[in-house]
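Good morning, and thank you for making time on the agenda. I shall go through one structure, beginning with a single side chain and then turning to the fold.

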Amino acid sequence: GIEIDPLVVEVGERFFDLRLPNLTTVIADGRAWLQRDTGRYDVLIVDAYRQPYIPFHMTTVEFFSQARDRLSDDGALVVNVGHSPTDHRLVDALAATLREVFPSVYVVAPDGSFNSLLVATRRPTTLADYEARAQAVTDPRLRGIVDGLAGSVTAWQGTGLVLTDDRAPVEQMTDQIILRYVLTGH
């Protein structure tokens, strides 16, 4: 796990038993660490927020290209993205950006949530591939999660602003989404 804030790691270790034998925690910026790292990973999860903002440098074509290069052939990148019930601009921008780098992008959008997960796969995949793998899950700890997501996974087919290191107005989009929601409830 890569975490920029050492206090978050300390709280995790102290109160949430973040001391698993297969977990190594590194204090660093995720993008800078990924640039130096040479490992290959099956899954990379980007859940980097200083509420309510995701760091713009972890939303761009350049960052996602670095991440893709660290994934195994069957690897996937998962990004947590916030939204309001009716304003998915940031989800669409990140999904459009991911599609510049990855052949397949999916949205996991549980009902009633203000967050969606974007899943980008290194190889081309289909929704049928996901459904077959979901049906094959036998671990009871995961089965409930998979069943709870039934019907909330879709292949992303939309449009959105492609974010680059030179143009990634994620803070502005986030501010607009929050302001619209506060003023209108939508």
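Let me begin with a question: is W33 buried or exposed? W33 counts as buried, because its relative accessibility is 19%; buried means under 20% relative accessible area, exposed over 50%, and partly exposed in between, with a 1.4 Å probe and protein chains only.

Before going further, a word on the basis of these values. This is a predicted model, in which local features need pLDDT of at least 70, side-chain atom pairs count only at pLDDT 80 or more, and totals for chains, interfaces and linings use all residues. Residues are numbered from 1 along each chain as its sequence is written, and side-chain values use heavy atoms, with hydrogens and water left out.

W33 belongs to one of the aromatic pairs, of which the structure holds 3. Its partner is Y41, in a tilted arrangement with 6.3 Å centre to centre and 50° between the planes. For this purpose, rings of Phe, Tyr and Trp (its six-membered ring) pair if their centres lie within 6.5 Å; planes under 30 degrees apart count as stacked, over 60 as edge-to-face and the rest as tilted. Y41 is partly exposed, because its relative accessible area is 26%. F63 and F64 form another tilted aromatic pair, at 5.6 Å centre to centre and 55° between the planes. Both F63 and F64 are buried.

I turn now to the overall chain. The protein chain contains 7 helices and 7 strands; helices (H or I, at least four residues) and strands (E, at least two) are DSSP runs, numbered from the N terminus. Read from the N terminus, the order of elements is β-α-β-α-β-α-β-α-β-β-α-α-β-α.

How does the radius of gyration of the protein chain stand against that of a compact globule, and what are the two values? The chain has 17 Å, which agrees with the value near 16 Å for a compact globule, because the chain has 186 residues. That radius is taken over C-alpha atoms, and the globule rule is 2.2 Å times the number of residues to the power 0.38. The C-alpha trace spans about 45 × 40 × 35 Å along its principal axes. Of the 186 residues, 35% are buried. The accessible surface comes to about 11200 Å², and 55% of it belongs to carbon and sulfur atoms; these areas come from the Shrake-Rupley method with a 1.4 Å probe, and for residues only the protein chains shown count as cover.

Next, the sheet. An open sheet is formed by 5 strands in the order β3-β4-β6-β5-β7, with mixed pairing; two strands pair if DSSP finds at least two bridges between them. Its edge strands are β3 (41–46) and β7 (153–155), each pairing on one side only. From one strand to the next, the twist averages 20°; axes are lines fitted to C-alpha atoms, for helices over the stretch in contact, and angles run from 0 to 180 degrees between N-to-C directions.

Strand β4 (residues 71–82) pairs with β6 (residues 115–121) in the antiparallel sense over 7 bridges, and L77 stands opposite A120 in β6.

What of β5? This strand is mostly covered, with 5 of its 5 residues buried. S104, Y106 and V108 point one way, V105 and V107 the other way, and all are buried. With β6 there is antiparallel pairing over 5 bridges, in which Y106 stands opposite V119. The hairpin of β5 and β6 has 6 residues between the strands, and G112 in the turn has a positive phi of about 75°. With β7, β5 pairs in the antiparallel sense over 3 bridges, and V107 stands opposite T154.

Two helices lie across these strands. Helix α4 (residues 89–101) crosses β4, β5 and β6 at about 165° to β4, whereas α3 lies across β3 and β4 at about 140° to β4. Within α3 (residues 61–70) sits Q66, which counts as buried because its relative accessibility is 18%. Leaving aside residues up to four places away in sequence, Q66 touches R31, L34 and Q35, where contact means heavy atoms within 4.5 Å.

Finally, one backbone detail. Most residues other than glycine have a negative phi. D17, however, has a positive phi near 55° and lies in the loop between α1 (6–16) and β2 (26–27). D17 is exposed, because its relative accessible area is 55%.
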